[in-house]
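This report follows the central sheet of the chain, the helices against it and the charged pairs around it.

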Amino acid sequence: MKIHVLKIHVFDRAEQAGQAAAALIAAQLLRKPDTVLGLATGSSPIPVYKALIRLYKMGVISFGQAVSYNLDEYVGIDPAHECSYHRFMDEQLFNHVDMRPEAIHVPDGQAADLARTARNYDAAIRAAGGIDLQLLGIGRNGHIGFNEPNDHFVGGCHVVDLTQSTIEANQRFFNSIDDVPRQAVSLGITAITQAKTVLLIASGSDKAQAVHDAIRGEITPQVQASILQAHPDVHFLLDRDAAALL
Ligand code: GLP
């Protein structure tokens, strides 16, 4: 496997990493207004979305021709549920910019036939020409999307059993740990790694080990983000704490 040079940017504060990611996304939208964006949830992308909203409100960028595919959604959660990733995206980005509603895609975690939903999600991304720019966070266990540590990489969009560490990490968004869904629908490694450009944003010391293992460790499905070492155009946007072990 060919190993490419990774672009690693370290900033004093998480907010700056977010602004840098927004600058790269803005440049992409200016270069190709009908960009296919791969979008992420979690706390890490929030500063990115805040900065993008500012650029939109200043009239610098438009999402009017863009298309988006989100990485993942919990199984069994209504899109209107306060913890659904659908609602997160509406509140953090879509309600504040000019994305066309029909251009927004989030996996349907409530579908009766989840396997079929997952296949159709991949097919829709392929039909759109693939993802131009994929924004990622990283789990404390090195997951990207909800691709959990595994003995192999799963290529297609699929239903995932969440690990205990992910359930515990995500409990902060729910009333109690019992309310955290045990499964999610996640984009697989193929659509993520076929994105032409990947931006991975991470902040805080609880991400330092995962960031280290993703960048400096061997490429292994036990640290799913390590596959990005083989990607030709990946940027890691980190604050000092997340970069501490590099
Ligand atoms: C969730 C999401 C991931 C995200 C990760 C880290 O598990 N499925 O896409 O990267 O959490 O979240 P945070 O940025 O809140 O630490």
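In this predicted model, strands E2 (residues 36-39) and E6 (residues 133-136) run parallel and are joined by two bridges, with Gln134 of E6 serving as the bridge partner of Gly38. Both strands belong to an open sheet of seven strands, paired in parallel in the order E1-E10-E9-E6-E2-E3-E5. Because E1 and strand E5 (104-105) each have a single partner strand, they stand at the edges, and one side of each is left without a neighbour in the sheet. Helix H1 (residues 14-31) packs on this sheet, where it touches E1, E2, E6, strand E9 (197-202) and strand E10 (234-239), and its direction makes about 155 degrees with that of E10. Helix H7 (residues 208-216) lies across E1, E9 and E10, also at about 155 degrees to E10.

The whole structure contains eight salt bridges, among them the following.

| Pair | Closest N to O distance |
|---|---|
| Arg240 and Asp12 | 2.8 Å |
| Asp132 and Lys196 | 3.1 Å |
| Arg140 and Asp206 | 3.2 Å |

Arg240 lies in the segment after E10 and Asp12 in the loop between E1 and H1, so this pair ties together parts that are 228 residues apart in sequence.

Asp132, at 6% relative accessibility, counts as buried, whereas its partner Lys196 is partly exposed at 47%. Salt bridges with shared partners join these two residues with Lys32 and Asp34 into one network.

Arg140 and Asp206 are partly exposed, with relative accessibilities of 45% and 39% respectively.

At the surface, Ile8, which lies in strand E1 (residues 7-11), makes a nonpolar patch of about 190 Å² together with Val10 and Leu246.

Technical notes
Residues are numbered from 1 along each chain as its sequence is written. This is a predicted model: local features need pLDDT of at least 70, side-chain atom pairs count only at pLDDT 80 or more; totals for chains, interfaces and linings use all residues. Side-chain values use heavy atoms; hydrogens and water are left out. Patches are made of residues with over 30% relative accessible area and no salt bridge: like charges are joined within 9 Å, nonpolar side chains (Val, Leu, Ile, Met, Phe, Trp, Tyr) within 5 Å. Accessible areas come from the Shrake-Rupley method with a 1.4 Å probe; for residues, only the protein chains shown count as cover. A salt bridge is a side-chain nitrogen of Lys or Arg within 4 Å of a carboxyl oxygen of Asp or Glu. Helices (H or I, at least four residues) and strands (E, at least two) are DSSP runs, numbered from the N terminus. Two strands pair if DSSP finds at least two bridges between them. Contact means heavy atoms within 4.5 Å. Axes are lines fitted to C-alpha atoms, for helices over the stretch in contact, and angles run from 0 to 180 degrees between N-to-C directions. Buried means under 20% relative accessible area, exposed over 50%, partly exposed in between (1.4 Å probe, protein chains only).
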